[in-house]
Amino acid sequence: MRARIITLSWEGLRVAAIATELGCHAKTVRWWLHRFNELGLEGLEDRPVSGRPRRITETERSRIVALVRQAPPGRLTRGEDGELAADDETGAPEWTLESLAEAARQSGIEVGRSQVRRILLAEGVRWRRTRSWVRSKDRDFEGKGRGSSACTPTRPTVRRSFAPTSSGR
């Protein structure tokens, strides 16, 4: 596109006409024309970018996002005989950042939990945590233990007592 901007300019087209023909903004056309006028052909080349290069390719990022759309390996499904069974008894029953990172590593993508989180946030992937049967609002319900994630703190039970006041009202 950069070389095309220059050739169209040499053919006599104005900035607005070049932008319309190439489907870009007029500011972009002006920027490349000024850079070409200052540096010549070297001005049309890519400049080095700052920062560390990405360790994960776009293909690998897409594969990580595609994992979320698949059922987790430990999710129970009902077979033809009506029995519940998981494809992988040791696999995670629901996707967590840890289980997604592990599944990505098993498919050959070296990635950590925090990187998976950043990729999913950048792609706008969101999911709700499934509601656990471990908790209940029923006072007689006896808890079965902590939730599925040890890193999620439990909320303390707030007990309120209402004592009569001596305000005379």
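Helices α1 and α2 cross in a right-handed way. This is a predicted model, so treat this as a quick tour of what it shows: first that helix pair, then two nonpolar cores. The pair packs at an angle of about 135°, and the axes are 10 Å apart.

**How α1 meets α2**

- Helix α1 covers residues 2-10, while helix α2 covers residues 15-22.
- Why is α1 called oblique to α2? Their angle is about 135°, and angles over 145 would count as roughly antiparallel while 65 to 115 would be roughly perpendicular, so this one falls among the rest, the oblique ones.
- On the α1 side, the contact uses Arg-4, Ile-5, Leu-8 and Ser-9.
- On the α2 side, Ile-18, Glu-21 and Leu-22 do the touching.
- Sorted by class, this contact has four nonpolar residues, one polar and two charged.

**The largest nonpolar core**

- This core holds 16 residues, and the ones touching the most other members are Ile-64, Leu-100, Ala-104, Val-111, Val-116 and Leu-120.
- Three helices each chip in at least two residues: α4 (58-69), α5 (97-106) and α6 (113-123).
- Which helix gives the most to this core? That's α5, with five residues.

**A look at Val-111**

- Val-111 is one of the core residues that touch the most other members.
- If you skip its neighbours within four places in sequence, Val-111 is in contact with Ile-56, Ile-64, Ala-101, Ala-104, Arg-105 and Val-116.

**A separate core**

- Apart from the largest core lies another one, made of 11 residues.
- Its members include Ile-5, Leu-8, Val-29 and Leu-33.
- Ile-5 and Leu-8 may look familiar: both also belong to the α1 side of the contact with α2.

Key:
Residues are numbered from 1 along each chain as its sequence is written. This is a predicted model: local features need pLDDT of at least 70, side-chain atom pairs count only at pLDDT 80 or more; totals for chains, interfaces and linings use all residues. Side-chain values use heavy atoms; hydrogens and water are left out. A nonpolar core is a set of buried Ala, Val, Leu, Ile, Met, Phe, Trp, Tyr and Cys residues joined through side-chain atoms within 4.5 Å. Buried means under 20% relative accessible area, exposed over 50%, partly exposed in between (1.4 Å probe, protein chains only). Helices (H or I, at least four residues) and strands (E, at least two) are DSSP runs, numbered from the N terminus. Contact means heavy atoms within 4.5 Å. Axes are lines fitted to C-alpha atoms, for helices over the stretch in contact, and angles run from 0 to 180 degrees between N-to-C directions. A crossing is left-handed if the near helix is turned anticlockwise from the far one by less than a right angle, and right-handed if clockwise. Ala, Val, Leu, Ile, Met, Phe, Trp, Tyr, Cys and Pro count as nonpolar, Asp, Glu, Lys and Arg as charged, and the others, Gly among them, as polar.
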